[in-house]
Structure formats: structure tokens, C-alpha cells
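Let's take a look at the empty spaces in this protein. The report below goes through the pockets first, then the enclosed space and the strands around it.

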Amino acid sequence: MSYAVKEMFLTLQGEGVQAGRRAVFVRFAGCNLWSGREQDRASAICQFCDTDFVGTDGAGGGRFADAAALAAAAVAFWGEGVVERFVVLTGGEPMLQIDDALVDALHAAGFEIAMESNGTLAAHPGIDWVCISPKAGSVVVQRSGDELKLVWPQPGSDVVALETWDFAHHLIQPLDSAAAAENHAAAIDLVMERPKWRLTLQAHKALGLR
């Protein structure tokens, strides 16, 4: 199987429990909750996505012929050394493309594999760190993992129900929009009212990282 990747780069993980960790990001092209085209945003299930995942023309992106080629590219971005090698598979929706061959190739290259997904497709059992960011109006089948990250405010999200899902960490991330101050306040209020949740911010944006 070949893999369509929008972009690949070395950075620091900017959000969530793994924030601050050196990581190779692999952003897969394509998503099942929005086409990525602005003309479709208003009718999409996910209307607030801030990521370009259309095509394979981003820096480090392309169509990789097989899992070995993609893993080799990730190794090249990481550079020398195998200690704490960490790759984040994201999108778009990465589970549209993640398969046995890719998981095996990345593990063989010494990577710990994290994935950021909307949860509408079951996570591959070989992934080491599963982060699910549910979108209101979608059917989430992956209700367990390491990190549940809810963008807030998000009308239609049932916070009480989400608290019953089997995740080690429940995180609230303020929606990045023109109403940033109001969204930050709403996220803080939710955490203060419901202490199962913890606040996470997008530090990479504040630091000017990708």
C-alpha cells in the first residue's frame, strides 16, 4: 500500500500530555469529517479544523510507495540517535491510512508511535499512544486510549458521557478562533466545575512552531 502524506517535519509536540517532546510529525492527507475545501466547511461534521490536509504538496510530503519508504523519511527527519524516537501520526484522519505494515516499519526504526484521531475509526492496536479528539455529530467508536482531547466550546458535545470513556487523561483545549478570549474562559470554567478534565493549550502556536 502507498501512503498520501501532506507534510512531514521535526518539531516539538505542542499540546496534550506529551507537550514539549521532540517529535516527527507525519500529517496524512484526507479526512472523513471534512473534505478540506472551504466551500464544504459549513456542511461538514467538523467545521473548525485549522489544518491543511489536502494533497501531498506540503514540506516533506508526497506519496510514499510503501511503509519502508515512509519510515525511512521519518528517520531522516529525526536524524542521528534512536533514544526516545517519537513519531506523531496525524491528519486529517490518520486511521484512513495506518496499517500493519506502517506500524511495523516505524517500530522497526525505533519509533514510539503516537496518533491523533477523531475516533470514528478503531485505532490500530500497535499504536503506543492514542489521542482521540471527538467531534460533535460524529459516531466515535474508539472510546478508550491514553488521551481524550475535547476542543471547547463545542455545541452538541456531551461532557458527562465523555467522562465515562476509558482514557487515562481527559483534556480540554480552547477552540482557536476569533473568540479566543471567550473560548479560553469557557474552557477554564469547565475545568473548574469538572475536575476530571485538565486544560491543555497549543503551545506550538505561541512559540511559532509548526
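How does the lining of the largest pocket divide by class into nonpolar, polar and charged residues? The split is 14 nonpolar, 14 polar and 13 charged residues. Keep in mind that this is a predicted model.

**The largest pocket**

The volume here is about 810 Å³. In total, 41 residues line the largest pocket, and Glu15, Arg27, Asp50, Thr51 and Gly91 are the ones nearest its centre. If you'd like to see which elements contribute, strand 1 (3-12) tops the list, giving five residues to the lining of the largest pocket. Strand 2 (22-28), strand 5 (112-117), strand 7 (144-152), strand 8 (166-174) and helix 5 (203-207) also supply at least two residues each.

**The second largest pocket**

This one holds about 170 Å³ of space. Its lining is made of 14 residues, with Lys135, Ala136, Ser138, Leu162 and Trp165 closest to the centre. Sorted by class, the lining of the second largest pocket comes to seven nonpolar, four polar and three charged residues.

**The cavity**

How many cavities of 30 Å³ or more are there? The count is one. The largest cavity has about 50 Å³ of space. Lining it are Gln13, Glu15, Gly16, Gln18, Val88, Ala114, Glu116, Trp129, Cys131, Glu147 and Lys149. Glu15 turns up here and also among the residues nearest the centre of the largest pocket. Strand 5, strand 6 (129-132) and strand 7 each bring at least two residues to the cavity lining.

Here are the volumes side by side:

| Space | Volume |
|---|---|
| Largest pocket | about 810 Å³ |
| Second largest pocket | about 170 Å³ |
| Largest cavity | about 50 Å³ |

As for class, the cavity lining has four nonpolar, three polar and four charged residues.

**The strands around it**

Strand 6 and strand 7 run parallel, joined by two bridges. One pairing to look up is cysteine 131 with its bridge partner glutamate 147 in strand 7; Cys131 and Glu147 are both on the list of residues lining the largest cavity.

On to the next pair: strand 7 and strand 8 are parallel as well, with eight bridges between them. Which residue in strand 8 does leucine 148 stand opposite? Leucine 148 faces histidine 170. Strand 7 and strand 8 both supply at least two residues to the lining of the largest pocket, while strand 7 does so for the largest cavity too.

Notes
Residues numbered from 1 in each chain as written. Predicted model: local features only at pLDDT ≥ 70, side-chain atom pairs only at ≥ 80, totals over all residues. Heavy atoms only, no water. 1 Å grid on protein atoms, 1.4 Å probe; cavity = no way out; pocket = protein on both sides within 12 Å on 5 of 7 lines; lining within 4 Å. Points joined across faces, edges and corners; volume = space filled by probe spheres on them. Helix = DSSP H or I, 4+ residues; strand = E, 2+ residues; numbered from the N terminus. Nonpolar A, V, L, I, M, F, W, Y, C, P; charged D, E, K, R; others polar. Pairing = 2+ DSSP bridges.
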